[in-house]
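Work through the exercises below with the sequence and the 3D view side by side. Each task is followed by a solution that proceeds step by step.

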Amino acid sequence: MPKIIHAAAVLCFLFFTPFLFAQRSAIKFGAIKMEDFAPKSYPIDPEADGIVLSDIGTSQYEPHAKGGFNINFKRHTRIRLLNRKSFDEATITIPLYFFNNYEERIVKIEASTFNVENGQVVETKLDKNSIFQEKLNSRYIVKKFTMPNLKEGCIVDIKYTLESPYEQDIRTWYFQGSLPVLYSEYETDIPAIYDFVILNQGYHPFITKTNKEYPRTYYISYNENGGSGARKTFNLNTQEIRNVWAMENIPKLKSENFTTTLSNHIAKIEFQLSAIRYPDEPSKPIMNSWEVAAEQLLKRDNFGSELTKNTSFFADELKTITGNKEVTLENAKKIYSYVRDNINCNNHDALFTKNSLKKVYQDKNGNVAEINLLLSALMNNLGFEAHPVVLSTKHNGKALAIYPIIDKLNYVICQVIINNQPYLLDASHKQLGFAKLHNETYNGYARVIDVNPLIISLQADSLVETKLTSVMLFNAEKEGLVGTYQTY
């Protein structure tokens, strides 16, 4: 989810220095030929219902009138729909983020369906009145439309430009999807003042992977003293970094036996801003270390600060549950069982609290973060050493062990230490026992949120599953072979 960064320096106008070469993949919108319809199937996947002929995207920084940068994201996708089973791919959904007065918007859409009729290529353009807008939640809307005149074997050509004011959020690019892809390319042009960590996932090889720098001249305008002082302007000669990644003949993503989640394996490139270097200023770190991230989480009103609030409201109940104040494994199990059995979980996809822990206890209802933070608070109240632990579940995708990218996390459990032995607890699932976790949490790594944010390995391969089947057969003469079987 994008975060708004208000910086002291505001960059306004940009004078472009012409590049000495043309864009590598200049595929013109609407340039469809008869030979494009010739294949009945494609060697990459002869059984495919459809195929992406090309998918090309760019993210470029552009100055905007109010000062600062927009990111212009352009995408041009061309898909061959071989039969009706692939027609769902012709419904296009474009998510747009908004917050306060900042919002992403579509500034241009070109979309047409091409068919062969009477030996000629016939184009049917998308009616702009058929583009709809839906509100998903308080942060996202979607632009949605379905391509017209769909027939088996048709080609849909879609090109749009998305303008985003969130200069720290370069769009993730997915090379792989539900259809095989003949060619996919992504290009980013990033001013050197931005330092991005670039994260690459997947197994398919790149045919192009380049990183080059080119001179740029910026006309800089910024306010001193954090934006409240006098306005200054000057020219800055710096570099712009161009990255290009391309793949070809990419198989469709499909579920296989023993696959944890497809999102952990899809070929993609994503970006996380680590620092900004404004003129004549020290580098401003954006992505902190895990030590800093843990400290910040412990101070947040919707996370760690709840652990230090008064839990006297639970004191009498705590005495009833445990019968004493001894810090023992038996009492830890009693507290865990009480929270698990009495607090219902309404959302297993939450990193932060929406209500106070007192209200969660009183209502006997909360999300996974609220329940396991409450468990941590109660353990601490009785004298145990307990800490929240954050992670990303399988359906949410893997979170990297090194980088504290909070947006990648979606789950909270509790770690309690008894006699120097750590136990990981999750009271949000009724069927779980003490020190047992749901298999969704075994997705790589987790982090203890404490002064020393230790890393915890939760690898799916560490789960051991056993199955035993016993079969007994005997000859019953008239009935023939009869028997019983049992599976454990």
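**Exercise 1. Decide whether strand β12 is enclosed or not, and find a strand that pairs with it.**

Strand β12 covers residues 181-191, and 10 of its 11 residues are buried, so this strand is largely enclosed by the rest of the structure. Buried here means under 20% relative accessible area, while exposed means over 50% and partly exposed lies in between, with a 1.4 Å probe and protein chains only. Strands (E, at least two residues) and helices (H or I, at least four) are DSSP runs numbered from the N terminus. This is a predicted model, in which local features need pLDDT of at least 70 and side-chain atom pairs count only at pLDDT 80 or more, whereas totals for chains, interfaces and linings use all residues. Residues are numbered from 1 along each chain as its sequence is written, and side-chain values use heavy atoms, with hydrogens and water left out.

The next step is the pairing, for which DSSP must find at least two bridges between two strands. Strand β2 (residues 50-63) pairs with β12 in the parallel sense over seven bridges, and Gln60 has Asp189 in β12 as its bridge partner.

**Exercise 2. Place these elements in the whole protein, and describe its nonpolar cores.**

Start with the totals: the protein has five helices and 26 strands, and buried residues make up 45% of its 488 residues.

A nonpolar core is a set of buried Ala, Val, Leu, Ile, Met, Phe, Trp, Tyr and Cys residues joined through side-chain atoms within 4.5 Å. The largest such core has 44 residues, and Phe145 and Tyr194 are those with the most contacts inside it. If neighbours within four places in sequence are set aside, Tyr194 is in contact (heavy atoms within 4.5 Å) with Tyr61, Phe69, Glu167, Leu273, Ala275 and Ile276. Apart from this core lies another, of 43 residues, which includes Phe314, Tyr338, Val339 and Ala369.

**Exercise 3. Work out the strand order of the sheet that contains β20, and say which strands stand at its edges.**

The sheet is open and has five strands in the order β22-β21-β20-β23-β24, with antiparallel pairing. Strands β22 (421-425) and β24 (455-458) are at the edges with a single partner strand each, so one side of each is left without a neighbour in the sheet. From one strand to the next the twist averages 30°.

Now look at one pair inside this order: β20 (residues 385-391) and β23 (residues 444-448) are antiparallel partners over three bridges, and Val390 stands opposite Arg447 in β23. Helix α5 (residues 368-382) packs on the sheet, where it touches β20, β21 (411-418) and β22, and its direction makes about 15° with that of β21. Such angles run from 0 to 180 degrees between N-to-C directions, and axes are lines fitted to C-alpha atoms, for helices over the stretch in contact.

**Exercise 4. Determine how helix α3 is oriented towards α5 and towards α2.**

Angles under 35 degrees count as roughly parallel, over 145 as roughly antiparallel, 65 to 115 as roughly perpendicular and the rest as oblique. The axes of α3 (residues 329-342) and α5 come within 10 Å and cross at roughly 150°, and these two helices are therefore roughly antiparallel to each other. Their contact is made by Asn331, Ala332, Ile335, Tyr336 and Val339 of α3 together with Ile371, Leu375, Leu378, Met379 and Leu382 of α5.

Helices α2 and α3 pack at an angle of about 120° with their axes 9 Å apart, and they are therefore oblique to each other. Here the contact is made by Glu317, Leu318, Ile321 and Thr322 of α2 and by Asn331, Lys334, Ile335 and Tyr338 of α3.

**Exercise 5. Is Thr322 buried or exposed, and which residues does Thr322 contact?**

Thr322 is located in helix α2 (residues 315-322), and with a relative accessible area of 4% this residue is buried. Beyond its neighbours within four places in sequence, Thr322 is in contact with Asn331, Lys334, Ile335 and Leu382. The C-alpha atoms of Thr322 and Ala332, which are 10 residues apart along the chain, are separated by 8.5 Å.
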